[in-house]
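I sat down with this one to look up three things: a helix, a chain-to-chain contact and some salt bridges. My notes are below the picture.

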Amino acid sequence: MSPGFLLTSAFAAASASLVVGARYSRTWLALVVCAAAATLAAAFRVLLGTTDWEWRSNFAIGGEAAHLRLDGVSAVFLVLLCVVAAAGAVYGREYWSDAREPGSAPRGRIAWSAMVLNMGLALLCSNGLHFLVAWELFTLSAYFLIRLDDRRRPARSAAWLYLAASHVASLCLFAFFGVLAARTGSWDLGPMLEHAELAPLFWLVLLGFGVKAGFFPLHVWLPSAHSNAPSHVSGILSGVAIKMGIYGIVRFSGWLVVPPGAGWVVLGLGAGSALVGITFAFAQNDLKRLLAYCSVEHVGVILIGVGGALLAVAHDNAAWGRLALAGALLHVWNHGAFKALLFFCSGSVVHATGTREMSRLGGLWRAMPWTATLFALAAIAVAGLPPLNGFVSEWLLYLGLFDAAALRSAAAWAVLPVAIVLAMAGALALATFVKAGTIVFFGAPRTQVARHAHECGPLMRGPMLVLAGACIALALAPAVLWPALARAVGAWNPAWIGAEPPAALDRLGWTHVVLAGVAVLVALVLVRRVRANGTRRGPTWDCGFAEPTPRMQYTSGAFAGIVGGWSAWLLRTESRYRRPRGAFPARSERVERVPEMVLEHVLAPTGGALVRVALAARKLQHGRLQAYILYLVLGLAGVALIVYFGGAP
Amino acid sequence: MNVLLDVLLRAVVWLALAPLLPGIITKTKAWVAGRRGPPVLQLSYDLARLWRKGVVLSTLVSPGFVIGPAVAWVAVFGAALLLPLGALGTGLGFEGDVLLFVYLLALARFCTAWAAMETGSAFEGMGAAREVSYAVLSEAAIIAAVLALCVQSGSTSLVAMLTPAAGAGAVLLAAGLFVVLLAENCRVPFDDPNTHLELTMIHEVMVLDHSGPPLAVILHGASVKLLLFAVFLTEAVLPMGSLTPLAATGALAASVLVVTLATGMTESLLARFAFRRVPLLLTVGFLLCLFALLFAWRGGPA
C-alpha cells in the first residue's frame, strides 16, 4: 500500500473519530488506533525506503493549493506521534473513563483526536499558511486537554499560562511565515538555501518553536501544564507536543540558511537547558512536576545534538555532525517513549492514591508491582544508563562531541564545556530518578492513601508495557535503526546522505544484549543463593533504632538537600517552618516550595512593572476636553519646533 | 577463540586480584601505625564466609534489594573488562567504549543507591543522597579526564586512548584522577571505610542493611572498582604503548601497587575532612582534570 493511500485512510479515520468521539468511546478508540497504525506504516515506508512522499492538490484550501510532504525528518516525528497517540488513547480509556469523569471524558476524546490530527497535519504540511492553521489548531486543542480537569483552579491557570505562552510563540511564527512568504513570493515551503538574506529569520524560528519545545528559559508554561493535565495528556504533551517545537527547529534549520552564530547559540541553549532543567527537577517534591522539569533537560540534550550538527555544517565536518544529529533524532524517539511511560506510571500512582506529592507516598511497590517495575525500568532509561535506550542516543551524541574534540577543530571550544555539562546533567538525572523512584515506590507508606493503593487495570498497563517494550527494543537493536536515522539526517542536509553506520553502534547493541543477559544471570544466581542460605525478615535495622515510624524516612526534599544547597541562588526555594514549641508541642511543620524561577522572579516582576507603567500612562486619559485640547496644542507646537529647528538640509 | 580466551584470562585476573587491594591498604595503615594488621587476604576470607551466611532482610524491601547489588557488580565488572591490562589488550573495545565505561560505573551507583533507598531508613537515605550528589562533581572530573585523553590520542576507544603517554598534563591528570579515586572508592579524606556508625560517611552507610551473599557481592564489587580506578589512573599516565608487553604488564602491576600504597599512606596521614569541605576537594580534583584537558589541548601534535 502506498503512503498516500495509508495517509488518506488515516486522515479519514481520524476525522471520523472527531465526529463519533463524544458518544461512542469504543468506536473512537478503534478509529484512533487504526489511524495511528496506518500513519505508522506510511512513515516507516518512507523511512526505510528511498523516496519521499509528496502530494499537491489541484484545488485550493484558503486560497492555497494543499501541499503535503513526508520526508525523513517528518517521518521520524510522525512515528513517535503515532505510537504515543495510540498508547495514550488506550490508557486514557481507563484513566479518564466515562464512568469516572462523565463530564469531561467525551470532551477529552474529541480534543485528543483534534490534537493528534493537527499535529500530524503540521508534520506533513509543506505550505506555510496551512502549517500555521494546523499548528494553531493543535495548540488550541492542547489547551482544552490541559484544562480537562477544570474544576481544579491550578489546572485552569496552567492552561491559561500555556495559552498565553503559546500565542507569544504563534506571534513569532506568524511573523516568520509572513516574512518568508513575502520574500520568496509563495507560501510553499521547502529547501530555500539560495536565499542567504533570510538567515536572520532563524532567530524567529528559534523563539517561536522554542516556546513549544520548552527549553530554558522559554519553559515557563511547561511545568504547570504538564503536571496539572491528566496523565495521559501529560504523556503526549511531554512525549510528542514539545517535540513538535524541536521539529520546527530541525526542519527550518535544514531548509533555511542559518546565521553564522546559530550553532553556538543552540548548543549553549541546549547545555544550559539540560543543566538547569535537571537541577530544578531534582529539587521538586511533586512527582509530575519533577518529570516536567526533566523534559526541559531532555529538550536541552536534543538541542545539544542539533546545535552540534549546525556547528558541524558551519565547519564542514560531516562525520561528527551526522553522529550528533542522529543522536538528537534518536533521543526524540527515546525521550518520547520513556517520558510517556513515566507519565503513565505517575498517572497510575495518581489514579491509585489521588496525590502527586512524593512526601505523601511510599511503599507502593507491594500494591502496584507492575507500575513500580516499569517505573524502575523507565528510570534507568531516562537517566541515560546502559543497557537501555536513553544511553544509546546519549552515546551517539557524546561520540559526536568527542570526535569533534579529537579533531581539535575550532568547534571544540564549544564542544568541550558542553560535554562536561552533559556529564553533570547525566549524574543529576541519575540522582533525580533514584529519588523519584524510591521515595514513591519504596520504604514504608507515609500516609493512609499510600497504604491503600491499588494496581492499575489492564487498559492502563497494556500501553505502559508497549512503551517499555519500545524502550528495550530501541536499546538492544540500535544498529537496525540506523538506516532510518541516516535517512532523516540525509533529509536534513542532503550533503550528508548515505552515512555509513558507525561500526561501533552494532557492537554497542551486542554489548547491551550481553550485559542484560549477564545481569539477569548473576541476579538469578544471587537470588537462588540467598534463598538457599535461608532468609529472615525483620524491621529495617537503621543502626538499631527501636521504634522507627514511616515519618522518619528520608524525604524527597532532604534527598535533594545537598544539590539544593549548591544551587540555592538558582532555585530560590521558599520554606515555611513552624518549630515545635514548649514542653508539649502541638504541631510543627516545614513546607518547602520551589517556585518556577523564570516565571515568578523574572516574568512576573517585569509584567508587574509594565502594568504599573501602563496604569500611570492611563491617567492621561480622563475625559476632560480642555486638557485634550492642551495636548493637541502642545503636540502641534512640538511638531512646529521640530520643523523650524530641524530645518531643511 | 583467541578473544574469548583473552576475556576469560582478564576476568580471572580482575576477580582474583581485586580483593587484594583493600588488604594491602589495611596492611599499609597497620604498618604505619606500628601494628601487625589483618592478613592481606582478609577480604577474601570475609567474602567466602559471607557467601555461606544466611540473610536478614527488612520487611520493607522488594526483590530489587537483592537484584540491585547483582546488577551493580555486573556493571563494575563489565567496566573493568573494557580496560586493557598491559599485555592483555582488550578484545571487547570499540569506538566510544570509554563512554560505556563511565556510564557503567554510573549504573552501579544507581543500583547501589536504589537498593539502599528501598529500606526506608533515613540513615541509608542520607548516604544515598550524598553518594549521588557528590557523583555530580566526580562525574565531571572523570569526563574532563577522559576528554583530555581523547584530545591527546585523537581517539574515543579506551585501548587507543590509554596507550600513548599523557604528555605535559600527566601530573595534573594523575593528581586529579587520584582525588576521584579516593572519592569514588570512599577512602579518607572523603569517607572512612573503618567506621560504620558515623553520620559523616557516604558509601558504607548505604550497605548497612545488606547481609550474607548480597553483602559479599557488594564488597567484592567495591574492590573491583578500586582496582579499576588504580588501573585506569596508571594507564592514563604511563606510556603503555611504548613498552614491550612484558614490561607493560610489569609496570602496570608495579604502579597499581604504588597507587594502592599511596592510598594507604593518605589514609594513615590524613584525617577525614569536615563534611562541607568534601565538595571543595572534589572541585579541586575536577579542576586538576580540567587543566590537564587544557594542557592536552594546547600542547602536543594536532
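These are my entries, in the order I looked things up.

**Ground rules.** I am working from a predicted model, where local features need pLDDT of at least 70, side-chain atom pairs count only at pLDDT 80 or more, and totals for chains, interfaces and linings use all residues. Residues are numbered from 1 along each chain as its sequence is written, chains are lettered from A and ligands numbered from 1 in the order in which they are written, and side-chain values use heavy atoms, with hydrogens and water left out.

**Entry 1: helix α12 of chain A.** I took helices (H or I, at least four residues) and strands (E, at least two) as DSSP runs, numbered from the N terminus. Helix α12 of chain A covers residues 318-353, and I checked its length. The expected span is 1.5 Å times one less than the number of residues. For these 36 residues that gives 52 Å, and the end C-alpha atoms sit 51 Å apart, which agrees.

Next I asked how many of the residues of α12(A) are buried. Buried means under 20% relative accessible area, exposed over 50%, and partly exposed in between (1.4 Å probe, protein chains only). I got 32 of the 36, so the rest of the structure largely encloses this helix. Right after α12(A) comes G354(A), with a positive phi near 80°.

**Entry 2: where chains A and B meet.** Contact here means heavy atoms within 4.5 Å. By that rule, 83 residues of chain B and 74 residues of chain A take part. The two chains bury about 6,800 Å² between them, 76% of it on carbon and sulfur atoms; buried area is the accessible area (1.4 Å probe) that two parts lose on being put together, summed over both. Y103(B), W114(B) and W297(B) supply 12% of the area that chain B buries against chain A, more than any other three residues.

I then looked for polar links. There are 21 residue pairs in polar contact across the interface, both at pLDDT 80 or more. The rule wants a pair of N or O atoms within 3.5 Å; within protein, one must be able to donate a hydrogen and the other to accept it, and residues adjacent in sequence count only if both atoms are side-chain atoms.

Which element gives the most to the side of chain B that touches chain A? I found α6(B), with 22 residues.

**Entry 3: salt bridges.** I counted a side-chain nitrogen of Lys or Arg within 4 Å of a carboxyl oxygen of Asp or Glu. The whole structure has 23 over all chains, but the count between chain B and chain A is 0.

I picked out R151(A) with E101(A), whose closest N and O atoms are 2.9 Å apart. R151(A) is in the loop between α5 and α6 of chain A and E101(A) in the loop between α3 and α4, so the pair ties together parts 50 residues apart in sequence. R151(A) is exposed at 63% relative accessible area, while E101(A) is buried at 12%.

In chain B, I noted E267(B) with K29(B), the closest N and O atoms being 2.6 Å apart. E267(B) lies in helix α11 and K29(B) in helix α2, so parts 238 residues apart in sequence are tied together. Buried or exposed? E267(B) is buried at 6%, and K29(B) is buried at 15%.

Last one: salt bridges that share partners join E101(A), D149(A), R151(A) and R152(A) into one network.
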